[in-house]
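Morning, everyone. Please have the sequence and the model open while I talk.

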Amino acid sequence: MPRNRPGALRGAHRTTPGPRIWEEPPPARIPGLSDRTSLAIHRAERLSPGRWFSRGATETALRRYRTFLHPPGRRPRYPRESYCAGCPGCALDDVRQARDALAEILPLLPPRARAELQRAVAPLDRRYLLLTLPDPLATRTEPWWHRRLAKGVEGW
């Protein structure tokens, strides 16, 4: 009796439907990141449920984080609360919420993409610590970027 090849046996019992086909093309490369990392972020945004996971949310959060950290002059900066904190688009006006979005996407990425995004965010975090002042009354249960002094929507 002839013997079946192992590949033929595995092919007969295939349970996966095959490669995923996207209906829309992936977005353009995120500035400062590689094509591979941008594609991994796009996939994580599309396949993961959550508040921040809409198309291009990570790019928007990274852009707003960079914009906040490169002001004219070198005075201390105060993160401002957003006017409409309930909707994900407006919530990213608050730089702390933008940093939350970046922290939430990191564990969903493959190791190489995660490391590259962490390398892009690390210098921004160091600059954020230099440009903002610590809040002595903040609780320790929040992430470190929420424990910085902030201005309210109306100011002080």
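I'll go from the overall fold to the core, then one helix pair, the salt bridges and two single residues.

A caution to begin with: this is a predicted model. So what is the secondary structure of the protein? Six helices and zero strands. Read along the sequence, that gives α-α-α-α-α-α. The protein has 156 residues, and 33% of them count as buried. Now contacts. Take those with a separation of 6 or more: 64% of them join residues 24 or more positions apart.

Next, the core. The largest nonpolar core has 26 residues. Which of them touch the most other members? They are L33, L62, Y65, L69, L109, L117 and Y128. Four elements give two or more residues each to this core: α2, α3, α5 and α6. For reference, α2 is 35-47 and α3 is 57-69. The largest share comes from α6, with seven residues.

Let me pick out L62. Leave aside its neighbours within four places in sequence. Then L62 is in contact with I30, P31, L33, L102, V121 and L124. L33 is on the list of residues that touch the most other core members, as is L62.

On to a helix pair, α2 and α6. At what angle do they pack? About 105°, with the axes 9 Å apart. Angles from 65 to 115 degrees count as roughly perpendicular. The two helices, α2 and α6, are therefore roughly perpendicular to each other. Who meets whom? From α2 we have R36, T37, A40 and I41. From α6 we have R112, A113, E116 and L117. By class, this contact of α2 with α6 has four nonpolar residues, one polar and three charged. L117 also belongs to the core group I listed earlier.

Now salt bridges. How many does a search of the whole structure find? Two.

One is R29 with D35. The closest N and O atoms there are 3.8 Å apart. The cut-off for a salt bridge is within 4 Å. R29 counts as partly exposed, because its relative accessibility is 45%. D35 is at 55%, so D35 counts as exposed.

The other is R99 with D125. Here the closest N and O atoms are 2.9 Å apart. R99 sits in helix α5 and D125 in helix α6, so the pair ties together parts that are 26 residues apart in sequence. Are these two residues buried or exposed? Both R99 and D125 are buried.

Two single residues to finish. T58 is in helix α3. Its relative accessible area is 4%, so T58 is buried; the limit for that is under 20%. What does T58 touch, not counting residues up to four places away in sequence? I41, E45, L102 and I105. You have met two of these names already: I41 was in the α2 and α6 contact, and L102 was among the contacts of L62.

Then P110. Where does P110 lie? In the loop between α5, residues 95-105, and α6, residues 111-131. P110 is partly exposed, because its relative accessible area is 41%. Now compare P110 with A44. They are 66 residues apart in sequence. In space, C-alpha to C-alpha, P110 and A44 are 9.3 Å apart.

That's the tour. Over to you for discussion.

Technical notes
Residues numbered from 1 in each chain as written. Predicted model: local features only at pLDDT ≥ 70, side-chain atom pairs only at ≥ 80, totals over all residues. Heavy atoms only, no water. Buried < 20%, exposed > 50% of the residue type's maximum accessible area, 1.4 Å probe, protein only. Core = buried A, V, L, I, M, F, W, Y, C linked by side-chain atoms within 4.5 Å. Contact = heavy atoms within 4.5 Å. Axes fitted to C-alpha atoms, helices over the stretch in contact; angles between N-to-C directions. Parallel < 35°, antiparallel > 145°, perpendicular 65-115°, else oblique. Nonpolar A, V, L, I, M, F, W, Y, C, P; charged D, E, K, R; others polar. Salt bridge = Lys/Arg side-chain N within 4 Å of Asp/Glu carboxyl O.
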